[in-house]
Amino acid sequence: MAEQETLNELPVLLGAKRSVARGARRGRGVNLSFAFERSIALIVFAVLWEVLPRSGIVSTAYLSPPSQVALAIARLFDSGDVWTHLGASALRSISGLLLAIAGSVVSGFALGWFRRAERIIDPLYQLLRQVSAFALFPVFMLFLGIGESSKIAIIVWAAFWPVLLNTISGVKQVERVFIDCARSMGASQGFIFAKVVLPAALPEILTGIRLAGAYSITALVAAEMIGARSGLGFYTLNSQETFQIPDMYAGIVLLALLGLLINKSLSLLERRLLRWRVGLAQNG
Amino acid sequence: MSGTRAARDKIVVRDLSLTYVNEATASSHTVLDAFDLRVREGEFLAVLGPSGCGKSTLLNLLAGLSAPTSGRITVDGEPVGGARNKLGFVFQGYALFPWRTVRKNVETGLEIRGVKRAQRRSEAERFLRLVGLLDFADHYPHQLSGGMRQRVAIARVLAYGPEILLMDEPFGALDAQTRESLQHELLGIWEQSAKTVVFVTHSIDEAIFLADRVAIVGRGPGRVKEIIDIDLPRPRPASVRHSAAFVALRQRAWASLSHELDDARGAPRELVAETLTGA
């Protein structure tokens, strides 16, 4: 559906004509069947999930049906506990993500611009990015303790690399003629960075940020399963340990929703920032 | 027009050389060697030569975008590095910023000069009106045709008021009709300004139609072979292309260039001839 809406929102551009025509063709009553198509898999999945534990094929000690999970989620909202856990998780993942983006965009700019520096540092970061964030968790705990900083550090580590690599490649690929053009108009280095290299590299940087958003959720769960007293990761593991199986699944579902929310926000941001690319693919 | 102006030199290029050294193969390639050129204030100078003669390289050096191996370029007696503000460059590939609307593209030079937003806007609109694209101010470059894009690029360069326009085959990628109408527009704009233009092209007709003088550049390595004065009256209507004087000038330029083609080492004559007659 979301895709459908964006197609109709397109301004009447040269390149958009085709898409709009496609949207219009779909528009007459075909919308419904499109929505139906998009929900088949979800409905089948939910039905199977409900039927398997209820019919006794899978024990309810292992798998709670979605109706019970929904009740567990409702209870979490009723008691207000959801805000403690969701809030803690959101704060950790978002602050980790923002720190990672800030650091990686700045260093990616430097490495993408100064070819020599990149040649020197490339072997090092190729090695470091292979070091799993989870493997480093004990190290972070040693240095930063068991508190928030080590949890955020693991998220920063996981989210840092995709943004760094994409920023470097984006900056390196900026067409020479744009930089020459700005220089010919007398632009300062600062102007060239902020108003030429950054917007030119932005599509790639944003792709990296989307990836980083997904990685940050993975790292978040791992961090919250070790030595945390709040957060959806903690809640999920804690529910399993206390045999509150519907609550465990509630935690998992909420984590998935948090991931979805972050992903959607990032793709909205991407669409907002890259409006100029609408129709570009068709026109070159 | 050139005859009525005092022939003060605006740009002086003296003994310019540029050699690329390929460190990997320890070989070098000399693009320009002992290149001399004087561009008079307010004149329209066309630089005409076959592909690969170094005319685009020359323009990059004039714009200070790259540094020569040796030699000097001065603008109003100053070294070119300090004269950036007097120069405007029009690229063959337009070089419009795809993430900026037409309006914002035209404002770029003013933004660099710290001009206030409101004034930037009205200046940009003035020049968009001049090139007939005010209605497209809020479009993005990729929504425009090639001819429109090059008009935007010209408006962008005019907007910040450089005294010198350096144009690198600006109409090279356009179809013949669009090309002719842009040549007309450019002449119209130039005739009302006091700008000095250095216009690089490989089309004999374009060079003669536009310029006060045509500098013919030979290659291997590039240097000025001959400068032809174009004494056709201005303003020049499209029909001037069929006048006897125009045809005579074309023949003269052709003779000078084909002499160059005889000298061209390695390149098949037909191939080079093709690059010269196009459009």
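**Entry 1: the interface of chain A and chain B**

I take a salt bridge to be a side-chain nitrogen of Lys or Arg within 4 Å of a carboxyl oxygen of Asp or Glu, and by that rule I find one salt bridge across the interface of chain B and chain A. I keep in mind throughout that this is a predicted model. The bridge in question pairs A:K195 with B:E111, and I note 2.6 Å between their closest N and O atoms. Between the two chains I also count four residue pairs in polar contact, both residues being at pLDDT 80 or more.

I then looked up which elements of chain B take part, and found that β6, α2 and α4 of chain B each give two or more residues to the side that touches chain A. Of the elements on that side, α2(B) gives the most, with four residues. I sorted the residues of this side of chain B by character and obtained 13 nonpolar, five polar and six charged.

For the extent of the contact, I have 24 residues from chain B and 23 residues from chain A. The area buried between the two chains comes to about 2200 Å², and carbon and sulfur atoms give 68% of it. On the chain B side, I note that B:W99, B:I112 and B:H142 lose the most area to chain A, and that together they make up 33% of what that side buries.

**Entry 2: helix α9 of chain A**

I went next to helix α9 of chain A, residues 176-184, where I list A:F178, A:I179, A:D180, A:C181, A:A182 and A:S184 as buried. What do the buried residues of α9(A) pack against? Within chain A, I find that they pack against α5 (81-113) and α10 (189-224), and in chain B against β6 (87-90), α2 (102-112) and α4 (146-159). After the helix comes A:G186, for which I read a positive phi, near 90°.

One charged residue in the buried list held my attention: A:D180 forms a salt bridge with A:R183, with 3.7 Å between the closest N and O atoms. The two residues are three apart in helix α9 of chain A, so about one helical turn separates them. I recall that an α-helix has 3.6 residues a turn, so residues three or four places apart point the same way. I also checked the accessibility of A:D180, which has a relative accessible area of 13% and is therefore buried, the cut-off being under 20%.

**Entry 3: strand β6 of chain B**

Since β6(B) is among the elements that the buried residues of α9(A) pack against, I looked at its two faces. I find both of them covered, with B:L87 and B:F89 buried on one side and B:G88 and B:V90 buried on the other. As a reminder to myself, in a regular strand the side chains alternate between the two faces of the sheet. The strand is joined by four bridges to β7 (residues 164-168) of chain B, and I note that the two run parallel. In this pairing, B:L87 stands opposite B:I164 of β7(B).

**Entry 4: the open sheet of chain B**

I traced a second set of strands in chain B, in which four strands form an open sheet in the order β2-β1-β4-β5 with antiparallel pairing. At the edges I find β2 and β5 (78-79) of chain B, each with a single partner strand, so one side of each has no neighbour in the sheet. Between β1(B) and β2(B) I count ten bridges, the strands running antiparallel, and I note B:F35 in β2(B) as the bridge partner of B:L16.

**Entry 5: salt bridges in chain B and overall**

How many salt bridges does the structure hold over all chains? I find 33. One of them joins B:D9 to B:R38, whose closest N and O atoms are 2.6 Å apart. Because B:D9 lies in strand β1 (residues 9-22) and B:R38 in strand β2 (residues 27-40) of chain B, the pair ties together parts that are 29 residues apart in sequence. I find both residues partly exposed, B:D9 with a relative accessible area of 25% and B:R38 with 42%.

Another bridge runs between B:R234 and B:E191, with 3.9 Å between the closest N and O atoms. I place B:R234 in the loop between β10 (223-229) and α7 (244-263) of chain B and B:E191 in helix α5 (residues 176-191), and this pair links distant parts of the chain, 43 residues apart. At 19% relative accessibility B:R234 counts as buried, whereas B:E191, at 25%, counts as partly exposed. Last, I record a network of salt bridges that links B:R8, B:K10, B:E41, B:D76, B:E78, B:K86 and B:E163.

Technical notes
Residues numbered from 1 in each chain as written. Chains lettered and ligands numbered in written order. Predicted model: local features only at pLDDT ≥ 70, side-chain atom pairs only at ≥ 80, totals over all residues. Heavy atoms only, no water. Buried < 20%, exposed > 50% of the residue type's maximum accessible area, 1.4 Å probe, protein only. Contact = heavy atoms within 4.5 Å. Pairing = 2+ DSSP bridges. Buried area = accessible area lost by both parts, 1.4 Å probe. Polar contact = N/O pair within 3.5 Å; in protein donor to acceptor, adjacent residues only side chain to side chain. Nonpolar A, V, L, I, M, F, W, Y, C, P; charged D, E, K, R; others polar.
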